[in-house]
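Thanks for making time this morning. I would like to walk you through one model, beginning with an annotated site and moving on from there to the core and one of the helices.

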Amino acid sequence: MEHIKHALSTGQHRLNGFDDITFVHQSLPNQSVENIELTTKVGELTLSSPLFINAMTGGGGEQTLRINEALSRAAAETKIGLAVGSQMSAVKDKNERPSYEIVRKVNKDGILFANLGSEATVEQAKLAVNMIEANALQIHLNVVQELVMPEGDRDFTGALKRIESIVQHVGVPVIVKEVGFGINMDTAKLLHDIGVSSIDAGGFGGTNFSKIENSRRHRMLSYFDHWGIPTAVSITEMKATLPHATIIGSGGIQNALDIAKSISLGASAVGMAGYLLKILVEKGAGPLVDEINLILDDLKMIMTALGAKTITDLKQTPLVLSGSTHHWLTERGID
Ligand code: FNR
């Protein structure tokens, strides 16, 4: 709950790099809004729209249960996917499981992602997946968040090996994600090589877990507050190295234009966390559903203007890159 409180006040800056990306206007798109198709694929999974609600709220308790229930009902109503927050506490303590089980109870047919950190064992991963009958498992990488947390981990050895075992034995596709610091192309390659199905940028520029954790401690590690790979850069780096892998865009996504840009940079789906949580907490469940529907409508408008009928078409749309995003990619040898 402390995370939620601080996330709502410290996140939502526009440092995600998307303002450096411009679509090339098409005067003859030869497209109509009613023909636009938002269906997409994340690995083997088919999603009815590229937008999903990304992982939030770990731990059990009444408040987590109510937030998870509201998020899951909104996801069911708008037919978008939903990732739950870290289930580690519920894996360890049966009393915390109802806060997660509720997401499947209220959303029987929806796409749900389970969530654990890279410290998880295969058995824990299976339990988390079964708890919500998940369609896929997210494993989050959050080294900087742990370092800034006074009670956080200090040893990050062996994570890739543990993820590899989970990929081999968990029985559902595995998505590896960051939590707002971005994934670079070399890390993405390591993950892809061990069979990770999809990689979620979890880029810098939205919710900032260094700032969130720093606001909970006395000796601030403020040098991590500006640390990370902007989302637009992370997606592009990964796509350049792994043109055939499933890339997910997330980190500071606030509107349909950010979603469209993520897809045209190479993402197959796009996760939104802090922005949607803020609407739920400050305005309520009805406005959250309205906002998701508006975002999907806006995405159809943008795709119409670009002449992109499908998500696959949108991936081919020409873009112009400028500013620090262009500079970064040039420095990294990506055209
Ligand atoms: C998160 N996030 C997160 N991620 C994860 O994999 N497991 C988790 O338990 C949590 N918990 C969590 C709590 C809260 C309150 C927030 C706001 C976020 C990270 C989230 O999934 C996402 O990667 C980042 O928030 C960046 O995306 P946004 O918020 O900028 O859209």
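For the first point we need one cut-off, namely that a residue counts as buried when its relative accessible area is under 20%. Please keep in mind throughout that what you see is a predicted model. With a relative accessible area of 7%, Gln 145 falls under that cut-off and is therefore buried. This residue sits in helix α6, which covers residues 143-148, and an unreviewed UniProt entry annotates Gln 145 as "binding site".

What does Gln 145 touch, if we leave aside residues up to four places away in sequence? The list is His 3, Val 179, Phe 181, Phe 209 and Glu 213, and, in addition, the side chain of Gln 145 makes a polar contact with the side chain of Asn 142, at 3.0 Å.

Turning to the largest nonpolar core, we find 85 residues, of which Ile 53, Ile 132, Leu 137, Ile 163, Ile 166 and Ile 292 touch the most other members. The most is given to this core by helix α13, residues 285-306, which supplies nine residues. Apart from this core lies another one, of 12 residues, including Val 42 and Ile 111.

Finally, helix α2, residues 62-78, has 17 residues and reaches 24 Å from its first C-alpha to its last, close to the 24 Å expected at 1.5 Å a residue. Among its buried residues are Leu 65, Ile 67, Asn 68 and Leu 71, and the helix is followed by Lys 79, whose phi is positive, near 60°.

Key: Residues numbered from 1 in each chain as written. Predicted model: local features only at pLDDT ≥ 70, side-chain atom pairs only at ≥ 80, totals over all residues. Heavy atoms only, no water. UniProt positions renumbered as here; feature names shortened; annotations may be inferred. Helix = DSSP H or I, 4+ residues; strand = E, 2+ residues; numbered from the N terminus. Buried < 20%, exposed > 50% of the residue type's maximum accessible area, 1.4 Å probe, protein only. Contact = heavy atoms within 4.5 Å. Polar contact = N/O pair within 3.5 Å; in protein donor to acceptor, adjacent residues only side chain to side chain. Core = buried A, V, L, I, M, F, W, Y, C linked by side-chain atoms within 4.5 Å. Expected span 1.5 Å × (residues − 1).
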